[in-house]
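Colleague: I am new to this structure and would love a close look at one part of it. Could you pick a place to start and walk me through what surrounds it?

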Amino acid sequence: MKKTKILLSIIALMGLSSCDLSTYDIPKPNDTNLEFWITEKVTSDKLESLSIVPGVIGNDVYLGSDYSLNDDGILHSMPTFYVAYRLTDVQDEEFKIVTYIEITDPAVTFYGISINSTSEEIENAMTKQKFKVSYNSQGYINASKKSANFAFYNNSIRITTTSL
């Protein structure tokens, strides 16, 4: 009995250290034109066609492959419309995890909505996907499920995870 308890403890610790995303994974919708989804594992070969955003401290931020930085001579600035992905390194793994997505491009959709969708359309779509929907003090929509949070602003959508 004692050996069984020790073995179960070791297995539990191994599961924690291997970064099992299944406990907070939100499946990527079939109707999205995003390249990556929140908590998706991304290998370095998938990053070759993306532009890295310079000057970001901490984790790497990449623009989606359809976007490029504006060259302002000395500085590079973000384009008007873009999708940016923040990728977090996973210790002892050969992949990164998408921990943040910022969308300003109205052509990007998921769950049948975009930044041009009405509050009612957003609330209906996110409720249909079983997200908890609320409004913040400025009237913007927040939708959360497991460890994912979707914040809908006037000109952007920010998708984050809190589990990594």
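Modeller: Happy to! Let us start where a charge meets a ring: the charged end of R86 sits over the ring of Y100, 4.7 Å from the ring's centre. Please keep in mind as we go that this is a predicted model.

From Y100 we can step across to I38. The C-alpha atoms of I38 and Y100 are separated by 6.7 Å, although their positions lie 62 residues apart along the chain. I38 belongs to the loop between helix 1 and strand 1. Its relative accessible area is 1%, so I38 counts as buried. Setting aside neighbours within four places in sequence, I38 is in contact with D25 and I26, with V98, T99, Y100 and I101, and with A148, I159, T160 and T161.

Two names in that list are worth following, and T161 is one of them. T161 is placed in strand 11, which covers residues 157-161. With a relative accessible area of 12%, T161 is buried, because the cut-off for buried is under 20%. The side chain of T161 also makes a polar contact with the side chain of S147, at 2.8 Å.

The other name is A148, which takes us into a run of paired strands. A148 in strand 10 is the bridge partner of K145. Strand 9 and strand 10 (residues 148-152) run antiparallel and are joined by five bridges. These two strands form a hairpin with two residues between them, and K146 in the turn has a positive phi of about 55°.

Strand 9 has a partner on the other side of the sequence too. Strand 8 (residues 132-135) pairs with strand 9 in the antiparallel sense, over four bridges. One of the matched positions is V133, whose bridge partner in strand 9 is A143. The hairpin of strand 8 and strand 9 has five residues between the strands, and there G139 takes a positive phi near 90°.

Within strand 9 (residues 141-145) you will also find N142. At 18% relative accessibility, N142 falls under the 20% cut-off and therefore counts as buried. Leaving out neighbours within four places in sequence, N142 is in contact with K132, V133, S134 and N136, and also with N149, F150 and A151.

F150 leads us to the aromatic rings. Ring pairs link F150 into a cluster with W37, F110, Y111, F131 and F152. Inside this cluster, which includes F110 and Y111, how do those two rings meet? F110 and Y111 form an edge-to-face pair, with 5.6 Å from centre to centre and 75° between the planes. Both F110 and Y111 are buried.

A search of the whole structure finds ten aromatic pairs. Another of the pairs is that of F36 and Y85: the ring centres are 5.1 Å apart and the planes stand at 80°, so this pair is edge-to-face. The pair links distant parts of the chain, as F36 is in the loop between helix 1 (2-17) and strand 1 (41-42) while Y85 is in strand 6 (residues 83-89), 49 residues apart. Both F36 and Y85 are buried.

Y85 brings us back to strand pairing, since Y62 stands opposite Y85 in strand 6. Strand 3 and strand 6 run antiparallel and are joined by four bridges. Strand 3 (residues 60-63) is also joined to strand 2 (residues 51-52), again antiparallel, by two bridges. There, L63 in strand 3 is the bridge partner of S51. As you look along these strands, a general point may help: in a regular strand, side chains alternate between the two faces of the sheet.

Finally, let us step back to the whole protein. How many helices and strands does the protein have? There are two helices and eleven strands, and read along the sequence they follow the pattern α-β-β-β-β-β-β-β-α-β-β-β-β. Of the 164 residues, 39% count as buried. Among contacts between residues at least 6 apart in sequence, 44% join residues at least 24 apart. The protein exposes about 10,000 Å², and carbon and sulfur atoms supply 51% of that area.

Methods. Residues are numbered from 1 along each chain as its sequence is written. This is a predicted model: local features need pLDDT of at least 70, side-chain atom pairs count only at pLDDT 80 or more; totals for chains, interfaces and linings use all residues. Side-chain values use heavy atoms; hydrogens and water are left out. Rings of Phe, Tyr and Trp (its six-membered ring) pair if their centres lie within 6.5 Å; planes under 30 degrees apart count as stacked, over 60 as edge-to-face and the rest as tilted. Buried means under 20% relative accessible area, exposed over 50%, partly exposed in between (1.4 Å probe, protein chains only). A charge sits over a ring if NZ of Lys or CZ of Arg is within 6 Å of the ring centre and within 35 degrees of the ring normal. Two strands pair if DSSP finds at least two bridges between them. Contact means heavy atoms within 4.5 Å. A polar contact is a pair of N or O atoms within 3.5 Å; within protein, one must be able to donate a hydrogen and the other to accept it, and residues adjacent in sequence count only if both atoms are side-chain atoms. Accessible areas come from the Shrake-Rupley method with a 1.4 Å probe; for residues, only the protein chains shown count as cover.
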